[in-house]
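Reader: I have a sequence and a model open on my screen, and I'm new to both. Could we go through them together?

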Amino acid sequence: MALAFAEAIAKNGRALRIDAQNRPVAWTDIATAVRDGGAYAVEPRQGIVALDLDSDADWAWAQRVRAALPDAFRVVLTHSGRRGHGHLWIIGAPGWGHQHIKSLIASHAEGDRRQVRSNATRPPLSPHRSEDARAELVEPDPTTALEWFKSAMPRALDEDTMRLLTTRDLEDLRRHHRKPARGVTLYTVACAAVHARWTFDDFRSTLEASHGVAVDKYREQPAESRLAYAEKLWTDAAAWVRENPPTPSAKLARAMLADLGRRISDHAWTARTGTTDRAVYTALIEIATEAARIDPTASVRQLADRSGVGKNAACTALSRLTNMGLIERPKQRSAAPGRATAVRLVAPLTTAEGYVPGDTSSSLKGVRELLMSPSTDTLGDLFTNGSGLGLPCRETWEALSDEFTKTREVLARRGHTTIRTLRGHLNRLEQAGLAERSGQTWRRIVPSDEAAERLARLLGVMGKRHRRAELHERERTAYQQLFVAEFADSDPEASWAS
């Protein structure tokens, strides 16, 4: 494992021997340094830095740094072998070089930048120079940490991307204003190379060795300008990749979204608006799961239909969810009426290849699927706000068990409310025939379709969700028709579909 960590971190396959006084001795290959058993250090590859932690103040500073890092970053914590000393390894996302990471740390966490090391550093599990000890991994486990370090190693581009550098057919190139564009094609390859953790030298040597029609644009540059041209391509591509981190795969996204769904009850929801916020947040997770993306696109009307709240309530809930840090809402290029809202669910990405779900012991174990079932759609009408029983009652109903349970146990499962409010919900549910009481215990009653319809008619909410969905569809169609008409007037030759 010591050899594997050193090879995953080192950029040049070499190790620097260190004597007992922490002085450099000589460079050698990694395998020899590990086999000899003495202390050694390796120079990290681009995008990996280590923070020297030698005092309590350093450890506190490292926590501030860690909190400021983007979600796509990885951190590995080690103890160096001496008491109170260690390293916090930071593995940047694609496009983040040493200087970018150092600048990020300097702007978000005050501290000594000299302790941010991108030069030779002792890797995990390497021997200490003066004691019979090794750099011990604190978190995560060795297998996961090794995967994270390996994720920063360069990998080959896919065949389609490499073909862009070798094709002699203009029609194979990327297009700009509907015409083949060599510069755009080279920029596309540069972005792919940044994602694949290439260095600039890797990219330029590939350009020099390729002979496609797109590479001709690079070769047409004067000899003294080629380096500057390649550097500009690479700098722009790296900046774009930093600003647009890669999205997780569909499988990983679904795992992350499932974990977010299980964590819903753990958030500090407010007593006044928490029910609405939870409903809209749950609707977002459902839409994102269907699309297998953590950055789904949904209109306010769609969220209102899914969550069972009004449009205005859904809109204000989105603002509160943004302020709570549960979602991010990128700036929209167009504020046209009826345009869907793009959001990004903020989910912790804890591994490069897979997602490790968190503790779900406090998750709410409800029967939400019953509310989404076509055969019991009337339940959704019953629990609407206003004339219905309301969303808070729905959460209490979901927290109930099919077996008689004490009120305090229901409160523990329900959460985010008081015992007095909970008893009020239980009494309303009992009056509606959706809960049954036996002494100080309660159980949930799942009504038949006929019973649910009778209750919905009694409350005046029969078909309420369906009517609201039809209204939203009419509004959506009208807005889109208006927008198409305005768009056609401004550009008669443009296509709405495009």
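Author: Sure, and one term comes up early: a polar contact is a pair of N or O atoms within 3.5 Å, where within protein one must be able to donate a hydrogen and the other to accept it, and residues adjacent in sequence count only if both atoms are side-chain atoms. This is a predicted model, so local features need pLDDT of at least 70 and side-chain atom pairs count only at pLDDT 80 or more, while totals for chains, interfaces and linings use all residues. Residues are numbered from 1 along each chain as its sequence is written, and side-chain values use heavy atoms, with hydrogens and water left out.

Reader: Which backbone oxygen lies 2.9 Å from a polar atom of the side chain of Arg45?

Author: Look in the loop between strand 3 and strand 4 (48-53) for Arg45; strands (E, at least two residues) and helices (H or I, at least four) are DSSP runs numbered from the N terminus. A polar atom of the Arg45 side chain lies 3.0 Å from the backbone oxygen of Ala8. The one at 2.9 Å is the backbone oxygen of Ala10.

Reader: Which side chain of opposite charge is nearest to Arg45?

Author: Lys and Arg count as positive, Asp and Glu as negative, and His and the chain ends are not counted. Arg45 is buried (under 20% relative accessible area; exposed is over 50%, partly exposed in between, with a 1.4 Å probe and protein chains only). Arg45 has no salt bridge, meaning a side-chain nitrogen of Lys or Arg within 4 Å of a carboxyl oxygen of Asp or Glu. The nearest opposite charge is 7.8 Å away, on Asp202.

Reader: What is the bridge partner of Leu51 in strand 6?

Author: Start with strand 4, where six of six residues are buried. Ile48, Ala50 and Asp52 point one way, and Val49, Leu51 and Leu53 the other. Strand 4 pairs with strand 6 (residues 86-91) in the antiparallel sense over six bridges; pairing takes at least two bridges found by DSSP. In strand 6, Leu51 has as its bridge partner Leu88.

Reader: And in strand 7, what is the bridge partner of Ala50?

Author: Strand 4 also pairs with strand 7 (residues 116-117), antiparallel and over two bridges. There, the partner of Ala50 is Arg117.

Reader: In the sheet with the order 2-1-3, which strands stand at the edges?

Author: That sheet is open, with three strands and antiparallel pairing. Strand 1 (residues 14-18) and strand 2 are joined over four bridges, and Arg14 stands opposite Asp29. Two strands have a single partner each, so one side of each is left without a neighbour in the sheet: strand 2 (24-29) and strand 3 (40-41).

Reader: Which helix gives the most to the largest nonpolar core?

Author: A nonpolar core is a set of buried Ala, Val, Leu, Ile, Met, Phe, Trp, Tyr and Cys residues joined through side-chain atoms within 4.5 Å. The largest one has 30 residues, and those touching the most other members include Val280, Tyr281 and Ile327. Helix 11 (250-262), helix 12 (274-291), helix 13 (300-307) and helix 14 (311-323) each give two or more residues. The one giving the most, with eight residues, is helix 12.

Reader: What is the relative accessible area of His416?

Author: His416 is in the loop between helix 18 (407-414) and helix 19 (419-431). Its C-alpha atom is separated by 6.6 Å from that of Trp269, 147 residues apart along the chain. His416 is partly exposed, and its relative accessible area is 29%.
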